[in-house]
Amino acid sequence: MNVKLKNLFSQKRNLVVTILVCVFLLAILGGIIYASIAYGNGKMGKALFHRKVWYAVLCVLMMAAVFLAQLLFRVRFSVFCEIALISFAFAALAGGTVFTLYSHIPVWDKILHTLSGPLFSIVGLGFAILLSEKQPTEKRRVVMCVVFAFLASLAVGYLWEIFEYTVDSVISGYNNQRWLEGLIQSLPDGTYIVSDKRGTALIDTMSDMICNLCGTVAFLVPVLILCLKKPERIHTFKFTPLAKKEHAHAENPSEHD
């Protein structure tokens with residue numbers, strides 16, 4: 001009976017996630033159709049249209065990566081973590097670019113970078129718990145998990161800034177790091193006159209990383225304090241390992257009634 005209840009919960013969970021993914025995919029498709037019509041009518045430039053299509057594809061790939069990661073590492077994220085990651089990918093890539101929320105809501109970028117701190121800290125904690133089973137004491141395990149999650153969250157933010165820099169450098173006219181906003185004049189020798197001595201790209205990059213750091217610290221400090229008082233609380237963030245034997249049992253629940 002326990003296996004049946006577990007399978008029923010899994011089916012409902014899968015249904016919720018499937019519906020959410022379908023809603024996001026339909027929204028992305030709608031956004032691209034709208035952009036295609038605007039581009040065809042001459043109301044949208046070629047560069048902007050290509051940018052929207054590129055980020056729509058990237059959004060779909062990032063949502064797929066959430067499920068691929070679970071298959072590769074043989075773990076199951078909590079339903080909250082799974083939904084949060086999918087929603088974050090949609091908000092950052094499709095919402096920000098396809099639906100131009102970065103332009104309509106000036107702080108949208110900073111909100112996402114701040115929220116990425118807690119979100120990827122949770123992912124880091126989930127993996128750290130699985131990797132730290134042989135720690136001699138529970139409190140030492142808590143500290144190790146929090147440190148791992150801290151570094152994992154910052155690493156995600158760091159890699160994202162490298163991605164933005166790479167795209168802006170390789171593809172002409174892209175402005176992920178806001179470098180175009182600070183240009184005043186292009187000089188004949190190929191240099192520029194800019195509005196800030198540090199450059200708007202540097203300011204944008206560093207403020208993004210600071211937002212990520214603040215979100216990470218604001219989340220992990222309370223987690224550390226609470227879990228040091230009661231180390232068993234750290235298991236709240238634990239991912240479920242998918243062993244081959246358990247996976248086979250889940251596919252044949254009738255054998256264990």
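## A tour from Phe239 to Gln177

Begin by selecting Phe239, which is buried, with a relative accessible area of 2%. The model on the screen is a predicted one, and every stop below should be read with that in mind.

Keep Phe239 selected and add Phe127: the two rings form an aromatic pair that is edge-to-face, with 5.2 Å centre to centre and 90° between the planes. This pair links distant parts of the chain, since Phe127 belongs to helix α5 while Phe239 sits in the loop between α7 and β4 (240–241), 112 residues apart. Now add Phe73 and Phe77 to the selection, and you will have the cluster that ring pairs build from Phe73, Phe77, Phe127 and Phe239.

Across the model, the count of aromatic pairs comes to 11. Another of them to select is Phe90 with Phe99, a tilted pair at 6.2 Å centre to centre and 50° between the planes. Are both of these rings buried, or is one of them partly exposed? Phe90 counts as buried at 15% relative accessibility, because the cut-off for buried is under 20%, whereas Phe99, with a relative accessible area of 32%, is partly exposed.

Next, select α6 (138–170) and look along its length. Its 33 residues should span 48 Å at 1.5 Å a residue, and the end C-alpha atoms are 47 Å apart, which agrees. Colour the buried residues of this helix, including Arg141, Cys145, Ala149, Ser153, Gly157, Glu161, Glu164 and Asp168. An α-helix has 3.6 residues a turn, so residues three or four places apart point the same way. To see what covers the buried residues of α6, display α2 (46–73), α5 (108–131) and α7 (200–229), which are included in that cover.

From α6, follow the chain into the loop that leads to β2 (183–186), where Gln177 has its place. Gln177 is buried, with a relative accessible area of 7%. Which residues does Gln177 touch, not counting those up to four places away in sequence? They are Glu161, Glu164, Tyr165, Asp168, Thr200, Ala201, Asp204 and Thr205. Zoom in on Thr205, whose side chain makes a polar contact with the side chain of Gln177 at 2.8 Å.

Finally, select two arginines together with the rings beneath them. Arg51 lies over the face of Tyr174, at 5.1 Å from the ring centre, and Arg178 lies over the face of Tyr102, at 5.8 Å from the ring centre.

Methods. Residues numbered from 1 in each chain as written. Predicted model: local features only at pLDDT ≥ 70, side-chain atom pairs only at ≥ 80, totals over all residues. Heavy atoms only, no water. Helix = DSSP H or I, 4+ residues; strand = E, 2+ residues; numbered from the N terminus. Buried < 20%, exposed > 50% of the residue type's maximum accessible area, 1.4 Å probe, protein only. Polar contact = N/O pair within 3.5 Å; in protein donor to acceptor, adjacent residues only side chain to side chain. Contact = heavy atoms within 4.5 Å. Expected span 1.5 Å × (residues − 1). Phe/Tyr/Trp six-rings, centres within 6.5 Å; stacked < 30°, edge-to-face > 60°. Lys NZ or Arg CZ within 6 Å of the ring centre and 35° of its normal.
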